[in-house]
Amino acid sequence: MKRLFLLVLFCPLMLFSADARKPNIVFILIDDMGWSDLGCTGSDLFQTPNIDKLAARGMRFTNAYSTCTVCSPTRASILTGQYPARLHLTDWIPGHERPKAPLKIPDWTQKLTHDQPTIAELLKRSGYVSASIGKWHLGKEFPTDFGFDLNVGGCHMGQPPSYFAPYKIPTMKEGPDGEYLTDRQTDEACRFIESSKDKPFFLYFPYYCVHTPLQAKKALIEEYAAKIKPDSRHKNAKYAAMIQTLDKGIGKLLAKLDELKIADNTIVIFTSDNGGLLQSTSNVPLRAGKGSAYEGGVRVPLIVLWPGVTPAGSLCEEPVISVDHVPTLMELAQVEVGQAQICDGVSLTPLLRNPKEKLKRDAIFWHYPHYHPGGATPYSAVRAGDWRLVEFFTDNHVELYNLKDDVGEKNDLSEKMPEKTSELRKKLAEWRQSVGAQLPTKNADHVPGAPEKKGQAMFPGPEWYTAAGALD
C-alpha cells in the first residue's frame, strides 16, 4: 500500500480567481452525534430545522465516517489529515486500562504532537486568522500551540463538568450562573466571526455537546418527554433537548454569516467525531455504537455547503472519512502544501461538484488496538466498495459484511466468501504496515475472567464522569 502524499499545485484553472478573496471556513464538529440523530437523517424525535436547512442548501454524505470509534484520534486526524494509526494516537486521552486482559495495548501517543502541521498552521501561511471554540481533548497543550490565534474552552478535558455555569473549564471565562454552555459557545463563535469578517477566517467549532453528562434546559426536556411514543426509535428527552439547543445555535451562526453578507463566501462543514453513544441514542439500523468495532461506532453525519458549487439538497453515497478534510480544505483555500507533508486523505472537491463522482482510492481503514466498554476489543477494519472486513486481534478471527445488502452487519460472510475475505485481510495488513500501525501484544499478566478496572462498566454511574472524560 503506497503512502499518499499531498502536493497541491495551482494553475490558471484554479477554483477561484487569483484576485478573489479566499473563502471563509466554518468547521462544526459535534461530540458523539450518531448517524441518524438529525431530522434530515430520519430521527423520529429530534428536531433540527436549521441543520436540515443546511443540508437542503448543501450536500449530505450518507457514507461518511470518523477515523475512530472514540474522539481524540478522530480530532487529531481531522486537524492533520493523517490516520490515527500513523499518528500512534489511537484512543481517547488518556484511555482505559485493562492490565489483566488477554492483550497488552501498545505504548501509544497520548497527545497531539508537532510532527505534522495542523489545518490552522497550514491556513496561517495563506493569511487566515483562526479560532478553536470548544472541546480540544488532545493533550496538555492548547489550540494556540498548534496555529490557532484564539482558543475559547479548549483544554485537556473530554467533557464539561457541567453544561450550566459555573462550567469550571480553565480556558473559558465563567458565565453567569445558569448560562448554558452550548449557547455560550455559539455566542463566542459569532463574536469571532464578527471580529474577523474583513479577512479570511477558519473557525474550528467543536461543540462539547452532545457528550455526557446529559444536561439540558428543563422546559425543553419536558417538551420532548411528552412527545416520546412507545414505538419511538429515539427516546431520550434530555438528549433531544440538547440537540434542539445545538440546532438553534447553528441557526444563529448561519444567520450571523447572512447578516455580515459573507455567507456566499463561507464554506460550512458539519460532522461528528464518532458514532452515537448507546446510553444516549439509537443508531439503528446500524450495529452498536460509540466504542464498538461496527458501523454504529464510526458512521457519522456529514453535511458540506460550498455556496454556488454544491448542488442544493444533493446526496453523495461515496465513502468518505475524517482524513479527507485537510486535502479538501487546502484545495478550497488555495493553500500549497509541500511534498514533505504526508496526507492519508483525498480531496472531496470532485464530489462537492458532482455527488456521482468516484474518488481515486479503493479503500478506507480503521485501527483501534485498545479495549473499550462500548464493546470494542483490539481490532482493525477496512471498507472497500460495499465490503467491510473487521479483524479482531484477541483471537485473530475476521468478520465480513456487504453493507449494501446488510447495513446492520448481521450476516457474517467470511466463511462463505474466503477469497474476498483473504483479499481484504491482505489489503488491511499492507495498510497497517504502510502507516506503521502499532499492534497489541500477548499479555503475560492476563488472568482469565478477571474483572475490568473499577469504573469501566458499560454504563458507569455519575461518580465516574470526571473532567477528563468518561466514555470518550
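This briefing walks through helix packing, internal spaces and a few backbone details of the structure above. The model is predicted, so local features need pLDDT of at least 70 and side-chain atom pairs count only at pLDDT 80 or more, while totals for chains, interfaces and linings use all residues. Residues are numbered from 1 along each chain as its sequence is written, and side-chain values use heavy atoms, with hydrogens and water left out. Helix α7 (residues 237-259) is a good place to start, as it packs with α5, with α1 and with α6.

**Helices around α7**

Helices (H or I, at least four residues) and strands (E, at least two) are DSSP runs, numbered from the N terminus. Two packed helices are described by the angle between their axes and the distance between the axes.

- Helix α5 (residues 181-195) packs with α7 at an angle of about 15 degrees, their axes 9 Å apart (axes are lines fitted to C-alpha atoms, for helices over the stretch in contact, and angles run from 0 to 180 degrees between N-to-C directions).
- That angle makes α5 roughly parallel to α7 (under 35 degrees counts as roughly parallel, over 145 as roughly antiparallel, 65 to 115 as roughly perpendicular and the rest as oblique).
- Residues of α5 including T182, A189 and I193 meet residues of α7, among them T245, G249 and L253 (contact means heavy atoms within 4.5 Å).
- By class, the contact of α5 with α7 has 6 nonpolar, 4 polar and 6 charged residues (Ala, Val, Leu, Ile, Met, Phe, Trp, Tyr, Cys and Pro count as nonpolar, Asp, Glu, Lys and Arg as charged, and the others, Gly among them, as polar).
- Helix α1 (residues 49-57) packs with α7 at about 50 degrees, with axes 7 Å apart, which makes α1 oblique to α7.
- On the α1 side this contact uses P49, N50, I51 and L54, and on the α7 side D247, K248, I250, G251 and L254; the classes are 5 nonpolar, 2 polar and 2 charged.
- The axes of helix α6 (residues 218-225) and α7 come within 8 Å and cross at roughly 120 degrees, so α6 is oblique to α7.
- L220, I221, E223, Y224 and A225 of α6 meet A237, K238, A240, A241, Q244 and T245 of α7, a contact of 7 nonpolar, 2 polar and 2 charged residues.

**Cavities and the largest pocket**

- On a 1 Å grid over the protein atoms alone, a cavity is a set of points where a 1.4 Å probe fits but cannot get out, and a pocket is an open set with protein on both sides within 12 Å along at least five of seven lines; lining residues have an atom within 4 Å of a point.
- Grid points are joined across faces, edges and corners, and a volume is the space filled by probe spheres set on the points.
- There are 3 cavities of 30 Å³ or more, and the largest holds about 60 Å³ of space.
- Strands β3 (64-65), β8 (266-272) and β11 (320-321) each give two or more residues to the lining of the largest cavity, which has 7 nonpolar, 5 polar and no charged residues.
- The largest pocket has a volume of about 340 Å³; of its 19 lining residues, N63, E317, E318, R383 and D386 are the closest to its centre.
- The lining of the largest pocket has 7 nonpolar, 3 polar and 9 charged residues.

**Backbone details in loops**

- A cis peptide bond with omega of about 5 degrees joins A165 and P166, and P166 lies in the loop between β6 (150-152) and α5.
- Another cis peptide bond, with omega of about 10 degrees, joins C209 and V210; V210 lies in the loop between β7 (201-206) and α6.
- Q334, a residue other than glycine, has a positive phi near 60 degrees and lies in the loop between α9 (325-332) and α10 (349-353).
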